Amino acid sequence: MSINSTSAESFHKLENILIIGNGGRENSLAWAIQKNELVKKVYLIPGNAGTERINKCERIKIDINNKIELVEKLDLLKINLIVIGPEIPLANGLADYLRKKNFKVFGPGKDGAKLEYSKSWAKEFMQDANIPTAKFWKVNSLEEAKKIIYSESIPLVVKADGLASGKGVFIPETKDECFRAAETILNGKFGKSGEVLVLEEKIQGPEVSVFTLCDGKKYVLLPSAQDHKRLNENDKGPNTGGMGAYSPAPLLTKEYLDRIIKEIIEPTIDELNKKNIEYKGVIYFGLMITEYGPKVIEYNCRFGDPECQTIMPLMDQNFVFLLEKCSMGNLTGYEKIDTSEMVSGCVIATSKGYPHEYKTGLPIKIGKIDKSDCQIFDSGTSFNKNGDLLTDGGRVLSVVCQDKDFDMVFEKAYKNLKEIKFDGIYFRNDIGHQVRKDFSKGY
Ligand code: AMP
């Protein structure tokens, strides 16, 4: 694969990169960034145990909320580019603060992050720009919710307005269930994030994620991905942060992609500009391909996890230049990423009990891993004082492989998973079933 770039890359100053975040997403970003020979060091705040296995990477223990200490440390380390992984620091305006201190930052300011941290704002934004999305109601009280739920004839979904770590969306089967979901949200289950809720028309179709790197005016399209949100095989069970993914998504034909660019991506960037929002970061489009065409389910203001772990191995060493160009607002708009040679897949190994209660601190043993176009990005791990690798989250490891087709990808990934042992390890065996021949006859 290649990124066609016209600028003289060797003039870029990119020796020291900082990534903020502690998951598989941030480890995969670090892994992709360190490939560039201009990069001497990648620091992660805070990273996790897996960070230490990645070339050139080092963890820094510092509280990002202690801004004065943070800036002093970044000055000392002569950080050339900062990449902010998770949505919470973006929603809290960390990118704005660091830009004011003259750092180059990849990640939107608080105004742009609102696309993710307020679902009602994002829906109004789409309405203003005439972007296809499900019909919606912004609701401030249970009385209001009750009226809409019992008078509307269409099935509805219920969403907390603010950030809720992927747990604030309810897909009820009946009107009473729908009302109870609204009650749960408005009664404070999600704190401030649930002071307002959004009722939405329930739409149908396969889902696909599209990512753009945006410099405020121009953008670069990354390979698309499909993830598996449900815990169990056959896409059943509770929603999770993501049990696996594959990229690119064959579902996204050129015809759909052209429509998505014209009807969704470009109007989004135009509307950001109209609203004077200088968006320098990832715009993640969570889409549903309905019978009426692609519609936006949600925006995220950062890379998805596990989609990021899946896509990063498809990037070549120029990836970091794209991030830098976005941070400086100087994409040419002609950068292209050609991933035609390889496809990628990721399976997440989780702790028993996830997404509900689970144990941490369980020893992880990793046996003989096939390393040819395979990576293991730690999602939730730590070390004990003897240096043993332990589980430290619901999602523990992201097992990622690339090859010429998805059957080969997942054969390698599942072979590697056999070599990973910890008490209560759980993963789905059917990740990528839509694109694997062994599932072509269904379950
Ligand atoms: P969100 O956090 O908004 O992406 O929602 C989480 C998941 O809920 C999505 O990936 C969809 O599977 C589902 N969902 C959200 N909104 C809708 C909708 N309007 N109609 C049907 N399913 C939805």
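**Reading a predicted model**

Mentor: Beyond its neighbours within four places in sequence, M243 is in contact with H228, R230, L231, V347, I348, T350, Y354, Y426, R428 and I431. Please bear in mind that this is a predicted model.

Trainee: What makes these residues contacts of M243?

Mentor: Contact requires heavy atoms within 4.5 Å, and the residues named, H228 and R428 among them, meet that condition with M243.

Trainee: Where is M243 placed, and why is M243 called buried?

Mentor: M243 sits in the loop between β14 (236–239) and β15 (244–247). Its relative accessible area is 0%; buried means under 20%, and therefore M243 is buried.

Trainee: How far apart in space are M243 and K437?

Mentor: Their C-alpha atoms are 20 Å apart, with the two positions 194 residues apart in sequence counting. Put precisely, M243 and K437 are 194 residues apart in sequence.

Trainee: H228 appeared among the contacts of M243. Why is H228 called buried?

Mentor: The relative accessible area of H228 is 1%. The limit for buried is under 20%, so H228 qualifies as buried. This residue belongs to the loop between β12 (226–227) and β13 (230–232).

Trainee: What makes the approach of H228 to G432 a polar contact?

Mentor: The side chain of H228 reaches the backbone nitrogen of G432 at 2.9 Å, and a polar contact is a pair of N or O atoms within 3.5 Å, one able to donate a hydrogen and the other to accept it. G432 is also one of the residues in contact with H228, a list including D235, Y246 and Q434.

Trainee: How do you know that E116 is buried, and what does E116 touch?

Mentor: E116 has a relative accessible area of 8%, and under 20% counts as buried, so the term applies to E116. This residue is in helix α5 (residues 110–117). Setting aside residues up to four places away in sequence, E116 touches E87, L163, Y299, N300, C301 and R302.

Trainee: Why is D316 called buried?

Mentor: The value for D316 is 16%, and the cut-off is under 20%; D316 is therefore buried. It lies in the loop between α10 (307–311) and α11 (319–328), and its side chain reaches the backbone nitrogen of N318 at 2.9 Å.

Trainee: Why does C214 form no disulfide?

Mentor: The closest cysteine sulfur, in C326, is 6.9 Å from the sulfur of C214. A disulfide needs the two sulfur atoms within 2.5 Å, so this pair is too far apart for a bond. A search of the whole structure finds zero disulfides.

Trainee: Are C214 and C374 buried or exposed?

Mentor: C214 has 0% relative accessibility and C374 has a relative accessible area of 11%. Buried means under 20%, so C214 and C374 are buried.

Trainee: Which side chains place an N or O atom by the ligand, and what makes these polar contacts?

Mentor: The cut-off is within 3.5 Å. K119 has a side-chain N or O atom 3.3 Å from an oxygen atom of the ligand. K159 has a polar side-chain atom 2.9 Å from a ligand nitrogen, and a side-chain N or O atom of E200 is 2.8 Å from a ligand nitrogen. The protein covers 89% of the 470 Å² of accessible area that the ligand has on its own.

Trainee: How many residues surround the ligand, and how do they divide?

Mentor: There are 15, the closest being K159, E200, I203, E207 and E298. The shell comprises seven nonpolar, no polar and eight charged residues.

How values were computed. Residues are numbered from 1 along each chain as its sequence is written. This is a predicted model: local features need pLDDT of at least 70, side-chain atom pairs count only at pLDDT 80 or more; totals for chains, interfaces and linings use all residues. Side-chain values use heavy atoms; hydrogens and water are left out. Helices (H or I, at least four residues) and strands (E, at least two) are DSSP runs, numbered from the N terminus. Buried means under 20% relative accessible area, exposed over 50%, partly exposed in between (1.4 Å probe, protein chains only). A residue is near a molecule or strand if one of its heavy atoms lies within 4 Å of it. Accessible areas come from the Shrake-Rupley method with a 1.4 Å probe; for residues, only the protein chains shown count as cover. Ala, Val, Leu, Ile, Met, Phe, Trp, Tyr, Cys and Pro count as nonpolar, Asp, Glu, Lys and Arg as charged, and the others, Gly among them, as polar.
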